[in-house]
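Trainee: Could you take me through the largest cavity, what lines it and what surrounds it? I'd like the details with the cut-offs spelled out.

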Amino acid sequence: MFKPGRLLVLTILFMAVFAGYASAATVGVILTNGMRYYEDINRHLIKDVQSRRPGVKFVIERPYPDEQSWSNAAGSLISSGVSAIITYGASATQAAINQHPGVPVIYAGVYAPTAYLLKSKNVAGVKNSLPVASLMRYLKEIVHSGRMGIIYNSREADSLAQFNEIAPIAQEYGIKPTGLDLQNAPDATALLAGTQFNSLFITGCSTAGPVYLKILMMMKERNIPVVSLVYDRRGQPLINLYGNPEDQARLASGLLIAALKRGYHKGKSEDSKKYFLIYDFRESASMGLRTSMELVTDATKVIY
């Protein structure tokens, strides 16, 4: 006769084995080279996951910001037998999906309007909602009407969506937008050389990441204010808007842990509405610009 006590022991052993399997899982990460924002999300995510599931290992690929590199990184992770893949940004995520990984794909750092592109089986993630449109209202109070350069990458879904959103709004405020399509990071200097505009807007394109500090320095030398959706703690534009990295990491880690438990994901997505809006008032004063009192009120941080 099979004793109840034995059943309890077997159940405990099974749970222990299952828990050990989940903890020993290996997670692949596609972390685009040069994007400090993605690195911050990933750092918080790893810390959160390992505090809740000790033993989970992470294998990080750092591809350049182009479709072929993202695809190669995904292929490399898939062939290594990872249990799940973490991606950052819509284009890197789509490149991973196109490789038909057969394991859960969890994304973060995706601009909310592009998340619809990522609806696929076994894919879930975190999109961030940002009040991008309001940036033009603040800028209008700070600078006189004129031309505004917009750095974007037409090959990156997040960046292109931001460009398509901000350009018509700029025109409504009497600011003439000029698109600067930065498809390769080293081309930034040539792209900006000789351009004539009163302000510069940088979308969240990965190609701007590796040369971000250089761009800020060039604009400072020319006394041109910068509004940016790119985050890098080493450099501060006049106005900086970006999603809260810790909040995105928290939501993404929850999705990842759930996927590791099941071995698949139901495709649920999360919306992170927390963000940082930083206004460098000190830089504004040194450049002789007008002050946006609305921005002073709305900003999560003002640098005096």
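Mentor: Let's start with the wall: strand 10 gives the most to the lining of the largest cavity, three residues. Strands here are DSSP runs of E with at least two residues, helices are runs of H or I with at least four, and both are numbered from the N terminus. Before going on, keep in mind that this is a predicted model, with local features needing pLDDT of at least 70 and side-chain atom pairs counting only at pLDDT 80 or more, while totals for chains, interfaces and linings use all residues. Residues are numbered from 1 along each chain as its sequence is written, and side-chain values use heavy atoms, with hydrogens and water left out.

Helix 2 (36-52), strand 4 (105-111) and helix 6 each supply at least two lining residues too, as does strand 10. The lining has 15 residues, and Y37, G109, Q162, G204 and L229 lie nearest the centre of the cavity. By class that's nine nonpolar, five polar and one charged; Ala, Val, Leu, Ile, Met, Phe, Trp, Tyr, Cys and Pro count as nonpolar, Asp, Glu, Lys and Arg as charged, and the others, Gly among them, as polar.

The space inside comes to about 150 Å³. A cavity is a set of points, on a 1 Å grid over the protein atoms alone, where a 1.4 Å probe fits but cannot get out, and lining residues have an atom within 4 Å of a point. Points are joined across faces, edges and corners, and the volume is the space filled by probe spheres set on them. The structure holds three cavities of 30 Å³ or more.

Now look at Q162, which sits in helix 6 (residues 157-172). With a relative accessibility of 5%, Q162 counts as buried (under 20% relative accessible area; exposed is over 50%, partly exposed in between, with a 1.4 Å probe and protein chains only). Beyond its neighbours within four places in sequence, Q162 contacts Y111, T203, G204 and L229, contact meaning heavy atoms within 4.5 Å. G204 and L229 were also among the residues nearest the cavity's centre.

Helix 6 turns up again in the second largest cavity, which holds about 40 Å³. Helix 4 (90-97) and helix 6 are the elements giving two or more residues to that lining, and helix 4 gives the most, with three. Y38, W70, Y88 and S206 are among the residues of this second lining.

Y37, from the first lining, leads to the rings: ring pairs link Y37, Y38, Y88, Y231, Y242 and F276 into a cluster. Rings of Phe, Tyr and Trp (its six-membered ring) pair if their centres lie within 6.5 Å, and planes under 30 degrees apart are stacked, over 60 edge-to-face, the rest tilted. A search of the whole structure finds eight aromatic pairs. In one of them, the ring centres of Y242 and F276 are 5.5 Å apart and the planes stand at 45°, so the pair is tilted. Y242 belongs to strand 10 and F276 to strand 12, so the pair ties together parts 34 residues apart in sequence. Y242 is buried, at 8% relative accessible area, whereas F276 is partly exposed at 30%.

Conventions
On a 1 Å grid over the protein atoms alone, a cavity is a set of points where a 1.4 Å probe fits but cannot get out, and a pocket is an open set with protein on both sides within 12 Å along at least five of seven lines; lining residues have an atom within 4 Å of a point.
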